[in-house]
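Work through the exercises below with the sequence and the coordinates open. Each task is followed by a solution in steps.

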Amino acid sequence: MPYPSNVRPRVLLRGVLVAVAALLLVALIPANAQAADLAPGWRQEMLQSVNAIRAAVGVPAVRPCGALRRSAQQYAMVMASTNAYGHVGQDGSEPWNRMTRQGYTWRVAAENIAGGQRSVAEVVEDWVASPDHYANLINPSLRHVGFGYSSDPASTYGTYWVQNFGSGHGC
């Protein structure tokens with residue numbers, strides 16, 4: 001059934017307004033708020049890479065943990081948006097403080113950070129080449145993991161990566 005002639009323009013105008021509003025909202029989201037320049041499955045790719053490294057040395061796989069993912073993602077976004085880099089946040093927080101804030105009760109905790117790498121493969125390769133980061137990757141005491149990534153082209157490194165590891169509760 002065709003639309004009455006007086007309804008069609010209002011329906012079309014409403015559709016145009018909704019589309020314009022959606023485009024404006026997307027444009028207002030800061031670049032560092034999402035991992036838009038990475039493939040959608042980057043977290044799964046990183047998990048597979050980490051668990052392949054662990055399997056190669058006979059260490060059990062880590063499981064993804066929502067609380068650790070939130071902690072890692074928020075910290076990656078903070079580093080990108082404030083152009084800061086380090087394990088101690090500008091608020092004085094340390095990795096285990098940020099994990100606890102997200103509801104993770106840890107017995108053992110560790111964090112890997114990196115900046116400037118453009119892909120999962122590149123950042124994992126750099127972590128493997130670093131003795132301290134590699135030790136976290138293969139630590140058999142660490143059973144849970146969360147990953148974060150953020151970017152800001154105006155920052156020093158452009159891209160910021162975080163891996164939060166733990167053994168505990170709250171996933």
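**Exercise 1. Find the residues that G168 touches, leaving out those up to four places away in sequence.**

Solution. Take contact as heavy atoms within 4.5 Å. The partners of G168 are then Y104, T105, W106, R107 and H144. Next, place the residue: G168 is part of strand β4, where strands are DSSP runs of E with at least two residues, helices are runs of H or I with at least four, and both are numbered from the N terminus. Then check a C-alpha distance: G168 and A109 are 59 residues apart along the chain, and their C-alpha atoms are 8.6 Å apart.

The model is predicted, with local features needing pLDDT of at least 70 and side-chain atom pairs pLDDT 80 or more, while totals for chains, interfaces and linings use all residues. Residues are numbered from 1 along each chain as its sequence is written, and side-chain values use heavy atoms, without hydrogens and water.

**Exercise 2. Decide why G168 counts as buried.**

Solution. The classes are buried (under 20% relative accessible area), exposed (over 50%) and partly exposed (in between), with a 1.4 Å probe and protein chains only. The relative accessible area of G168 is 12%, so G168 is buried.

**Exercise 3. Compare the span of helix α3 with the expected one, then list its buried residues and their cover.**

Solution. Helix α3 covers residues 66-82, 17 in number. The expected span is 1.5 Å times one less than the number of residues. From first to last C-alpha, α3 reaches 24 Å, close to the expected 24 Å. Its buried residues are A67, L68, S71, A72, Q73, Y75, A76, M79 and A80. An α-helix has 3.6 residues a turn, so residues three or four places apart point the same way. The cover over the buried residues of α3 includes α2 (42-56), α4 (95-101), β2 (105-115), β3 (144-151) and β4 (159-169).

**Exercise 4. Describe the backbone and the accessibility of N83.**

Solution. N83 comes just after α3, in the loop between α3 and α4. Its phi is near 55 degrees, a positive value in a residue other than glycine. With a relative accessibility of 38%, N83 is partly exposed.

**Exercise 5. Summarise the chain by its secondary structure, burial and contacts.**

Solution. Six helices and four strands are present, in the order α-α-β-α-α-β-α-α-β-β. Of the 171 residues, 39% are buried. Among contacts between residues at least 6 apart in sequence, 74% join residues at least 24 apart.
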